[in-house]
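Visitor: I'd like to learn how to read a protein model. Could you walk me through one?

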Amino acid sequence: MSLKNVRLEVMQFLEKDVDALIEKYLIPIETIWQPTDFLPDSESPKFFDEVKEIRELAKDLPYDFWVVLVGDMITEEALPTYESWLMDVEGVGQIERNGWSKWVRHWTGEENRHGDVLNKYLYLSGRVNMREIEKTTQHLIADGFDIGTDRDPYKNFVYTSFQELATYISHNRVAKLAKERGNKQLSKMCRIISGDEMRHHNAYSEFVERIFAVDPSQMMMAFHYMMKQKITMPAHFLRESGGQISSAFEEFSNTAQRIGVYTSMDYIDILEKLLKRWEIEKVTGLTDEAEKARDYLIKLPSRMTRIAERMKVPENSFEFKWVEPAKL
């Protein structure tokens, strides 16, 4: 049987548990928070006073902070790309709906609120150029992305397990920076977004655990493949208006690293957490090839740490069109 058919068979075998996993990791629409819970009520007579307060508090947040918040928001707003990618994964029934497509749709519904609330907050803050941000978001969706997973569910679940934990770290760190600057409202908003990301990370990590239980060698090979080629961030095709896909994501990453929101050491820490979560050292029943893949994975964090320790982050801020220094 081909690898593709084996993966499809495993996805079909695990599908019986998806409804229970949705109940375990996702929150019913009627009870989960919505963006308006963290924003001024447009129907309230206090609306303009609350907007004024947002704008006053926004003045105390530095340039690099806004660049990172904008980048996080754009990444979240490119959700249509991520959903369309996942709906095409082997075993996800887009035409004949099944449990996996139900998961993707419900997961998308939760994730959609993140970009929504951040977008509205940025608009009200008066600190950013929304039209430039909107152009970047449209470019990112139009350009799409390639995360190196093909239609392979094993590789895609490794990717989402990693990426959801990365977004948890980023939003949580932004929340802490906002709190340090006295912006409790924004801090709470980012903190609750990070909570969603952690739930989603735990869900995708459990998907991988369940695959390890039934197809350990090929799951190990998929994990090895993804880490050897490196996890690509979802906004790696980021570009500003009038520009090409080139340095914008690198400059955004430099900014995030410079203020400690997401660093190369965080990447390594996530890898170590996944190795521990999936108990890679204890997986049994592996082929010789999968054993070699495991050896590579176990040694990878120390190898990457040596490289990360030699890396230097540029000290100067790149001037994005999203946040104009003249307005500061």
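Guide: We'll go from the overall fold to one helix and then to the core. Keep in mind that this model is predicted.

Visitor: How many helices and strands are in the protein chain?

Guide: Count the elements from the N terminus on. Here you get 13 helices and zero strands.

Visitor: And how compact is the protein chain?

Guide: For that, you hold the radius of gyration up against the globule rule. The chain comes out at 21 Å, close to the 20 Å that the rule gives for 328 residues, so it is as compact as a globular protein of that length. Along its principal axes, the C-alpha trace spans about 65 × 50 × 35 Å. Buried residues make up 54% of the chain.

Visitor: Let's try a single helix. Which residues of helix H2 are buried?

Guide: Look along residues 18-25 for those under 20% relative accessible area. In H2 they are Val 18, Leu 21, Ile 22 and Tyr 25. They cover an arc of only 105° around the axis, which puts them on the same side of H2. On the other side, Glu 23 and Lys 24 are exposed.

Visitor: What do the buried residues of H2 pack against?

Guide: Their partners are helices H1, H6, H9 and H12.

Visitor: Which residues touch the most other members of the largest nonpolar core?

Guide: Among its 106 residues, those are Trp 66, Leu 69, Trp 103 and Phe 223. Helix H8 gives the largest share of this core, eleven residues. Try Phe 223 yourself: leaving out residues up to four places away in sequence, its contacts include Val 158, Leu 271 and Trp 278.

How values were computed. Residues numbered from 1 in each chain as written. Predicted model: local features only at pLDDT ≥ 70, side-chain atom pairs only at ≥ 80, totals over all residues. Heavy atoms only, no water. Core = buried A, V, L, I, M, F, W, Y, C linked by side-chain atoms within 4.5 Å. Buried < 20%, exposed > 50% of the residue type's maximum accessible area, 1.4 Å probe, protein only. Helix = DSSP H or I, 4+ residues; strand = E, 2+ residues; numbered from the N terminus. Contact = heavy atoms within 4.5 Å. Arc of directions from axis to C-beta. Rg over C-alpha atoms; globule rule 2.2 N^0.38 Å.
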